Amino acid sequence: MLKLTPDVDLGGEEASALRRWESSGRVPLVWGYDPALGALLLEAIPGETPFSEWRAPVELVEVANLIGELHRNGTPAVAEGWATLAERVEFLFEHWIERHGRRGEVVTRVVPVDRLRRGHQLARELAADAAEPVLLHGDLHPSNVLDGGTLRGLVAIDPRPCVGDAAVDAVDWVFWSVDDPGLWERRSRDLAVALGLDHERLWAWCAAFAAMLAASRAAQGASAEQVAAVLALSP
């Protein structure tokens, strides 16, 4: 599969991270990378159906296995000049805050931009306080996870790699396919236990990103009740 990216630095980081994780079997193999063209030649994963389109229950054990194997295989790369999670947080929130202002009055009224800024501040504090940083996928949501079959299990694609708190890669999976707010903290705790993480930190990261997730749901036409439930977690 040929992937073209206009961002040469990001393409190089993606190729390096995928090669770092290659032995896990949880990412596509990199057959080649041409920085002049911004072209990645990657192994094609049969089916290529992202998890977000399966409409199936989340198996937290499988998700935890995927995240854990990426982190274990990536940890030796921590000191090799990767972008930091703090840098990723700045990019992500600045991008979202700028885009949020263009989404129209309906969305901005439901999710005030100040809630995004408060989430941004919490994320900064958490990113600055990661005790045992690992090489993160950095964009591990259900649309970036494919079914690799019985031998490989879940396969992660399209990373935005950075080094930081392992809990960040689990945040999207706390909320995925579950609308009942009463289950989110339980799922967060189960994922933390499975990954050997501090549940309070994972739950704090969920709070940091909650306004962003609420804004995304509002833009996608979720009900006011669903948006409000997520937003209630934010600082």
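User: How are helices and strands called here, and where does R187 sit?
Analyst: Helices (H or I, at least four residues) and strands (E, at least two) are DSSP runs, numbered from the N terminus. R187 lies in helix α8, residues 181-195. This is a predicted model: local features need pLDDT of at least 70, side-chain atom pairs count only at pLDDT 80 or more, and totals for chains, interfaces and linings use all residues. Residues are numbered from 1 along each chain as its sequence is written, and side-chain values use heavy atoms, with hydrogens and water left out.

User: Is R187 buried or exposed?
Analyst: R187 is buried, meaning under 20% relative accessible area with a 1.4 Å probe, protein chains only.

User: Which side chain of opposite charge is nearest?
Analyst: That is D190, 7.0 Å away. R187 has no salt bridge, which takes a side-chain nitrogen of Lys or Arg within 4 Å of a carboxyl oxygen of Asp or Glu.

User: Which backbone oxygens does the R187 side chain reach, then?
Analyst: The W176 backbone oxygen is 2.6 Å from the R187 side chain. For W173, the backbone oxygen lies 3.1 Å from a polar atom of that side chain.

User: Switching to the whole chain. How many helices and strands?
Analyst: The protein chain has 10 helices and seven strands.

User: What about its span and radius of gyration?
Analyst: The C-alpha trace spans about 45 × 35 × 35 Å along its principal axes. The radius of gyration is 17 Å, which agrees with the value near 18 Å for a compact globule of 235 residues. It is taken over C-alpha atoms, and the globule rule is 2.2 Å times the number of residues to the power 0.38.

User: And what share is buried?
Analyst: Buried residues make up 47% of the 235.

Technical notes: Buried < 20%, exposed > 50% of the residue type's maximum accessible area, 1.4 Å probe, protein only. Lys, Arg positive; Asp, Glu negative; His and termini not counted. Polar contact = N/O pair within 3.5 Å; in protein donor to acceptor, adjacent residues only side chain to side chain.
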